[in-house]
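Here are my notes on the model, point by point. Please keep the structure open while reading.

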Amino acid sequence: MDSQNAEFRKAACLADIPLGGTKAVRLDDKRSVALFNVDGRIYATNNQCPHMGYPLTRGTVRYGVVTCDWHGRSFDLEGGGCFMPGCDDLETFPVEVRNADVWIGLGNTAYTRKDKHLRLLWEGLLRSDEWTIAKAIALLQAGGVPDTEIAQVCLRHLGRHVTTEGGPEAGGKVSSLINGIKVARKYEGEEQLIALAGAARATAGEAGQRQPIKPLPPPVTWEKIEGLCRVFSRDRMEPGIERCLVTARQDDKNNDRILKLLYECVVEDHFLGFPDNLTSMAYLSQIVSEFGWERSQELVCNLGAKLAGRRRSEPQQFLRVAIETMKSLAPVILAIQDVRTKPADPQQQYEDALAGALVGTDVKRAFEAVGAVLKAGIPCERVIDTCVLLAADRMARTPVNVNSGWPELTTELNLSVSLRTAFKHGGATVTAKALFHTAYQFFQDRWLNIPARSLRKALEPGQLTARDEKSGITEICRSIQALDVQNVGPQVRGYLDAGFSGERLLHQMGHVILKDDTGQSIVPTLASIYEEWETLEGHPARNQLLVGLARYAADVRRNKNSQGFAQTALRFAEGRTTVEVFEK
Ligand code: FES
């Protein structure tokens, strides 16, 4: 610290720090300051080791370098520089000896280390170091840095990581990032840190060097780019698609067209059986909406090309039938204009027929049922409602004695939810085609032993012991923590039957989910349920969203109490040393 601007405070008597000795002093705020007497010269530093908070007064000093006793990080006592990676520099303070007293210059306590902590976060991401990531985010949050700026570092890193190391399956990381951000915004403090740190951790990994993709030399029209992308998508030529997309990005008026074009490619019938094409496109579109094209370009152009140009093998029996049926329904799909303009069927007569066909064992019948609702002019948004509720209802009723099929069921749900983004960016024709992809996912999961049920039929009465809302939430959250998947479903139904608040229950279930190791895998589904709980108000099957989430969270829970790292990171950001924590 600059001694000119420092405000000096008396910290100790010189006699209290013998030659070669140290002394910890606590000043006005929470900071613990370490004083070192090295050959008669006094040094003052933050006592909290920047690595994990161990008190540096317990370290060893040689040649003006203090080495922490816990993991051996070493720091220059004069300037605070750290000599090892994965660790911030140490804060140091100017010292003056006045008469027989030691005075140190603290200066103001304004947060000045933002750049260093953003860099620390980046370092944690590169090294996949969970502690460094959580610590950096806790420090940035404590310094008042907005979540968006923290997330931008993760996005930049993810873009580089995916372009150099990732394949089309990297959409899962994009999902963790965008859904982690969405969930983090619904919470504060520890839960917010857990959600953000989890999102950041998902984006971590090696990121190599890569030359930037150059736009094609002119003249290149949008029509040419569009045509080439479609050909390259059919021919599995991912690099060609990426170069076309980068070229299109030269002109801002192509921005919306790019997402629509990518959607049009990934909903083609030869991509049936790749549900992550649609979910990944939804998450990429949300990344663009959240961060803008400038920041998202590298990730979107590269991963979008990987999705649209992904490899696929020769279709087997059922897939061939599905592709042929989808082709035969092309006139119905192409006849769809903007179905939003058509009135909804107030009785939702189509719903049972569609839902029954989707969970049957006949792929042709399932596809024809989708074709029938499209031909009947049922608005795409209402058909999406049916798919979302069908998936949630299956989560709420899947048997848990053998294999509940959570990966498949949550794919059904998140794929169905992603159709809303497909509708927004791709329009009605893209959504119509995407519905067949969703139907194929339901068909693929026909091995799940979940009997068909009318989504309009009243649910079985629930069973809740608690008599008020607060105790009801506690009872349900306890069941999730106790892995009581048998009882938690009836409890949620009983809670909602009593007219208690679904929003409050969802929020508290989110608390429980975030504080478990499995939380990060549930976060995308938690984010989907948050959105759909609002969207589907009024539908008789809506409660199954919460029942399904509670059963899922209870059944996959590991009870590892993983909030420990977040608590440690928060205490660290408050400037408390590890020993103080242990001694408490
Ligand atoms: S090296 Fe100091 S706490 Fe780890």
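**Notes on cavities, cores and two residues**

1. I start with the second largest cavity. Its lining residues divide into eight nonpolar, one polar and no charged. Bear in mind that this is a predicted model. The space in this second largest cavity comes to about 40 Å³.

2. Which residues line the second largest cavity? They are L354, L358, V370, V383, C387, L435, T438, A439 and F442. Three elements, α12, α14 and α15, give two or more residues to this lining. Helix α15 has the largest share, with four residues.

3. Now the largest cavity. Its volume is about 50 Å³. The lining consists of A355, G356, V359, L390, R394, R397, I450, P451, A452 and R453. By class, the lining holds six nonpolar residues, one polar and three charged. For electrostatics, the residues to look at in this lining include R394, R397 and R453.

4. Which elements each supply at least two residues of the lining of the largest cavity? These are α12 (350-358) and α14 (380-397). The largest share, three residues, comes from α14. The structure holds two cavities of 30 Å³ or more. A reminder on the approach: rolling a probe the size of a water molecule over the atoms shows where empty space is left.

5. Next, the packing. The largest nonpolar core has 164 residues. Within this core, the residues with the most contacts are L121, I137, F367, L413, I476, V492 and L546. Helix α15 (residues 406-444) gives the most to the core, with 18 residues. Another core lies apart from it and has 14 residues, among them A34, C49, L56 and F75.

6. V492 deserves a closer look. Leaving out residues up to four places away in sequence, V492 touches I476, L505, L546, V547 and A550. Two of these names, I476 and L546, also appear with V492 in the list of residues with the most contacts inside the largest nonpolar core.

7. Is H161 buried or exposed? H161 counts as buried because its relative accessible area is 8%, under the 20% cut-off. H161 is found in helix α3 (residues 147-165). Neighbours within four places in sequence aside, H161 is in contact with G166, K173, T203, A204, G205, E206 and A207.

8. K364 belongs to helix α13 (residues 363-375). Its relative accessible area is 41%, so K364 is partly exposed. The class runs between 20% and 50%. K364 touches V321 and T325, again not counting residues up to four places away in sequence. A322 is 42 residues from K364 along the chain, yet their C-alpha atoms are separated by 6.3 Å.

9. Last, the whole chain. It has 22 helices and ten strands. The C-alpha trace spans about 95 × 70 × 40 Å along its principal axes. Of the 584 residues, 57% are buried. Among contacts with a separation of 6 or more, 73% join residues 24 or more positions apart.

10. On the surface, the protein chain exposes about 25200 Å². Carbon and sulfur atoms supply 48% of that area.

Note on methods: Residues numbered from 1 in each chain as written. Predicted model: local features only at pLDDT ≥ 70, side-chain atom pairs only at ≥ 80, totals over all residues. Heavy atoms only, no water. Buried < 20%, exposed > 50% of the residue type's maximum accessible area, 1.4 Å probe, protein only. Contact = heavy atoms within 4.5 Å. Core = buried A, V, L, I, M, F, W, Y, C linked by side-chain atoms within 4.5 Å. 1 Å grid on protein atoms, 1.4 Å probe; cavity = no way out; pocket = protein on both sides within 12 Å on 5 of 7 lines; lining within 4 Å. Points joined across faces, edges and corners; volume = space filled by probe spheres on them. Nonpolar A, V, L, I, M, F, W, Y, C, P; charged D, E, K, R; others polar. Areas by Shrake-Rupley, 256 points an atom, 1.4 Å probe, with all protein chains shown as cover.
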